[in-house]
Structures are given as C-alpha cells and as structure tokens.
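Reader: I'd like to go through this one with you and ask how each label was earned. Can you put it up?

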Amino acid sequence: MTRMPENSSQPLLAVTHLSKFFGRQLGCHDIGFTVSPGEVIGVVGESGSGKSTLLNCIAGRIKPSNGSVFFNSSAGMIDLCRSSEALVRKIIRTQTGYVTQNAAQGLKMHISAGGNIGDKLMAGGMRHYGQIRKMALAWLERVEIDPDRIDDMPATFSGGMQQRLQIAANLVNSPKIMLMDEPTSGLDVSVQARLIDVLRKLVSGLNLSMVLVTHDLAVARLLCHRLYVMKQGEMVESGLSDQILDDPRQPYTQLLVSSVLKP
Amino acid sequence: MPLSYNFAYLDEQSKKMIRRSILKALAIPGFQVPFGGREMPLPYGWGTGGIQLTAAVIGPDDRLKVIDQGSDDTVNAISIKAFFKKTAGIAITEETRSATIIQTRHRIPETPLQNGQIMVFQVPIPEPLQFIEPKKSQTAKMHGFEEYGSMHVKLYEDIAKFGRIATAFDYPVQVHQRYIMSPSPIPKYDNPKLHRSPAVHLFGAGREKRIYAVPPYTDVVSLDFEDYPFELEKWDGACAVCGSTDSFLDEIITDDTGTRMFICSDTEYCQKKAGNTFS
C-alpha cells in the first residue's frame, strides 16, 4: 500500500495506482492523480476507455482491484478502498456528490423535485419541514428552475432541467467534491450551454472541486483546469486544459482533438 | 380434534424454527428476521405470516382472539379461529382481557393490553424503506448502517402534497432508538399503543418471510418533523352504538343521500361499553 505523501498543502483527493479488472477484461490500470480543493479535473477519452470505471471506483460504487483513493475528509486523510463500509458510505453520502449521465439514475423519479433536493438534507438529520422547503426553493432558483415547479415530479421536467435538478440535489448539503459522469451528453447544444453556465457559476461560487468525466472536449475546455486523457484503461497524457487541447503531444490525444467537428 | 394434524397444524420442527426466529426478533427489536415461511392452507395476503406465528407460540392452555379490521366476526377472523379450534383444540374468546394470544389484521384492541399477552400481527409489507429504495440488498444496508434520513422523504412528500402528514396507516416508527419498523397496516391511531406496551408484539409476513417483534416496555416512536409533529386522527362525532369518543371510529354511509354514522372499529370494546354481555 502506498502512503500518501504528507506535504504542506494536502490535496482533497489523491488516486494512486488504481486498477480495476473485470475478470480478464481491463477497466482501468495504474491510474494516479490528485485534486486540490477548488480544482476541476477533466477525464477525457473515447467511449470504453475506462473513464466511468475510474469514476465509479472513486465514488465507491465499484471496488477497485488494486490501488487507493485517498480522500481528505473532515476526519482526516482516509483511504476509501480500505476503510470500513460504514465510514466510506458516510463520507460518500455527506462529502461527495455524484451526477450521472442519465438523470433517472441519479434522481428519484417518483418523488417531487423538492423531495429530491431535500433527500440529502433529511439524510443529514434535518427534521424541520419549513427549513428543508426553504433550501429546496433557494436551490431551484440557483440552478435556474422555476420555483413553482417544486412539487412537480422530475419525470415532467425536460432533460436539461432534470440534469440541473440532479446537480442541485447533490450540492444542497455542500459536498467537498462533485463527481460527474458525462453530465452534458444527450442534451442539445443550447441546453448544454445553459448547464455549463450554471456549473461554472456554482463551481466558482462554492470553491467546489470536481472530477468531470466527458468525451466532449468543448465542455472539458470550458470547465476544467486540468485534463487527463485515457486510452484503453491507461492514462496517456495529462496537463493544463489549454495545453492539452491546443498542443497535444501524444498521437492519441492529437487524434482525439482533431476529430472534433468544427462548424 | 382430528389426528391427521399435528397440534396447531405445523410440524414441531417448523415451529421450533419459527420460535428461534421469534427469539432473535425479540432480542433485536424492530429488526426483520428472515425465516423459512411454510405453505399454509390459506392464500398469501390472508394472514399466512400471522397464522404461522400463532401456531408456533400457541399452547393447549391458551385462549385465542382473532380480529380483522377490529372486528371479531368477519370472515378472516372466524376462519382463523375455526382453523386453530380444529387443529389445536384451544379455547376461543372475543374478550380482549381474557385472551392470551390476539392475532390481528389491522388493529390493536382499545382495551389496554397486559403483561403476558401476545399480539400477533399479519404483515403484508414488512420493509418500511421499500417506498424509498426498492432493492432489498440496499435496504438491508440502510438498516445496517442506520441510514434512515430518506424515510422522512415520504413524510415530506405528504406535507408538500396535502399540507399535512397524510399517511394514515402503516405509519413508520423507530423502535428502541434503532430500527425503523413498519407497524403493519394498523392505523396511526394505534401507534402510541405500541410505545412501552406491556404485551409482546410479534409481526409475521408470510409472503416476504420475515418476522420482527417489539418486546414489552420498548420505546416505539412515530417519525415526524419538528414543525409537523405526529398527530392522531380525530372524529367529529361519537360512536352511534356505545357513545365512545375515545376509540377508533369507522365512518359508515347508511343510505344514498349521504347520511353517515360513526361506529367503533373495535367491536368487542363497543359491545362491552354498550353493556352487552358475551356469549
């Protein structure tokens, strides 16, 4: 087991030598990176390159075959892969958010928008209906959803609204880090733009860290400070977003960047 | 008593297995203990869980009372009483006070229970978290790690929709400051009767094959919000038969012009209060 290097400014999240095998199939192999508080990291790569596997390992949704995920929780630096399930579930629940590509997976579709936002508050022990309601309304406004729709089911929302609701439901208990799995895929371009706009405002306002998995390089450029490029389960290149996108070194990254259609 | 059946229908090994589960359930109040539910000669949904519990705990000296919707003389109650009379030859009573075992479908009797009595509930859905999380593997973990916050989401939805907690039956409770439990389809009016009750309360779900229990003198607290506290149902009228104002009343429509009357749901309590004697 690798020890986390102890230095003055500790990262919020440190992934070291993370590997996941599905039988003989490689999910991701020997991945390592760190995320500082307030930093937005992008993981890009074509579909099947292991991006989502990596994110699921970090979120504790699948157990990695090897390696560690250190998280700087309020109880100190904790290896999420080697701590008790009770502790890991508590940290994941209270200090991280997870936004899925398909809002139906991340939201409770048979519960109203307000209930979805209030879910994490009530899980955190809030037992005052009036306060929960007030916070739900405030968050709807922040993600640009009409507060009048607080009692509507998410199923009646458009794709973009569902995604913004999912973001609100995850941010309401002020997590330290957001893990996002292709939050903008499947939305049309103008809706994407609005979602990104909302995300940018929130990220800068809340000093939130984020790991964003995407295959959309435009989204990555707009939101991420640093980028990691994955190919067939391995990390092939990393650096500042502009550096990677404007001056890619690896042939695979060059291919990835050049294959973006320009209108 | 026909010789073709073992005492109280179930074979001794099955009863032993059920008793073992009951003991575990009593040791961990509110925790759902899986058990090897047997086929009973009545369909699921008619009280197969309750009937197995009764069969496991009943002895030749017991006096059994069975109620369905508070009533002693509905089809389900009469059939179950006949079943045990036939297979166990035990005494049957309608009187709450003299019964040693009371099997019930929806109510806890109005007459206060005493130490030494056993309540047996027929439970359709033992999992209170099912509304929030349909996966059993997940609900087991939520119970294990005490992740109960989302239980309030159901109550939140009620207030958002109706302006009050509209859940009127199967109102979730927390037992012994630990497990969230479904009190089976009793009206929330009966929830406070579980709190520190001197009797033993056993819950059996036949289809789901789960047993849980509330031992005597155990805390049973109904969930609520600080600004929307747990409340009991209230009625405008009194019972038309016995005049009771402190029992659970059924509203009965008596003609097609909307005339209605309130009557006690607990027939034994009502009869007694009205001064009728028992056969």
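Reader: What makes strand β2 (residues 63-67) of chain B and strand β4 (residues 101-104) of chain B a pair, and in which sense do they run?

Author: Bear in mind that this is a predicted model. The cut-off for a strand pair is at least two bridges found by DSSP. β2(B) and β4(B) share 4 bridges in the parallel sense, so they count as paired. In that pairing, B:Lys65 stands opposite B:Ile102 of β4(B).

Reader: How do you know that β2(B) also pairs with strand β3 (residues 91-92) of chain B?

Author: Here 2 bridges join the parallel strands β2(B) and β3(B). The definition asks for at least two, so this counts as a pair. B:Leu64 has B:Ile92 in β3(B) as its bridge partner. Between β2(B) and β3(B) the chain passes through helix α3 (residues 75-88) of chain B, a right-handed β-α-β crossover.

Reader: Why is β2(B) called mostly covered?

Author: A residue is buried if 20 or more other C-beta atoms lie within 10 Å of its own. In β2(B), 4 of the 5 residues are buried.

Reader: And what makes B:Asn276 exposed?

Author: Exposed means 12 or fewer C-beta neighbours. B:Asn276 has 12 inside 10 Å, so it counts as exposed. You'll find B:Asn276 in the segment after α7 (267-274) of chain B. B:Asn276 is 34 residues from B:Cys242 in sequence, and the two are 10.0 Å apart, C-alpha to C-alpha.

Reader: Over to chain A. Which strands are the edges of the open sheet β2-β1-β4-β5, and what makes them edges?

Author: That sheet has 4 strands with antiparallel pairing. Its edges are β2 (25-35) and β5 (76-79) of chain A, each pairing on one side only. From one strand to the next, the twist averages 20°.

Reader: How do you know that β1(A) pairs with both β2(A) and β4(A)?

Author: Count the bridges: β1(A) and β2(A) have 7, running antiparallel, while β1(A) and β4(A) have 5, also antiparallel. Both counts are set against a minimum of two, so both pairs pass. For examples, A:Phe21 has A:Leu26 in β2(A) as its bridge partner, and A:Thr16 stands opposite A:Ser68 in β4(A). β1(A) and β2(A) also make a hairpin with 2 residues between them, and A:Gly23 in the turn has a positive phi of about 65°.

Reader: What joins strand β4 (residues 66-73) of chain A to β5(A)?

Author: They pair in the antiparallel sense over 4 bridges, with A:Ser73 standing opposite A:Gly76 in β5(A). Helix α1 (residues 51-58) of chain A packs on this sheet, touching β1 (13-22), β2 and β4 of chain A, with its direction at about 120° to that of β1(A).

Reader: Why is the pairing in β6-β7-β8-β3-β9-β10 of chain A worth asking about, and what is it called?

Author: For this open sheet of 6 strands, the pairing is mixed. The edge strands are β6 (96-99) and β10 (234-240) of chain A, each paired on one side only, and the twist averages 15° from strand to strand. One parallel pair in chain A is strand β3 (residues 40-44) with strand β8 (residues 209-214), joined by 5 bridges. In that pair A:Val43 stands opposite A:Val213. α1(A) packs on this sheet as well, touching β3, β7 (177-181), β8 and β9 (226-231) of chain A, at about 150° to β8(A).

Reader: What makes a group of residues a nonpolar core here, and which residues have the most contacts inside the largest one?

Author: The members must be buried nonpolar residues joined through C-beta atoms within 7 Å. The largest core has 132 of them, and A:Ala168, A:Met210, A:Val211, B:Met119 and B:Leu202 have the most contacts inside it. Helix α6 (residues 159-171) of chain A gives the largest share, 6 residues. Another core, of 8 residues, lies apart from it and includes B:Cys239 and B:Phe262.

Reader: How many residues does each chain bring to the contact between A and B?

Author: Chain B brings 15 residues and chain A 18. Chain B's side has 7 nonpolar, 3 polar and 5 charged residues.

Key. Residues numbered from 1 in each chain as written. Chains lettered and ligands numbered in written order. Predicted model: local features only at pLDDT ≥ 70, side-chain atom pairs only at ≥ 80, totals over all residues. Right-handed = clockwise from strand over helix to strand, strands pointing away. Contact = placed C-beta atoms within 7 Å. Nonpolar A, V, L, I, M, F, W, Y, C, P; charged D, E, K, R; others polar. Axes fitted to C-alpha atoms, helices over the stretch in contact; angles between N-to-C directions.
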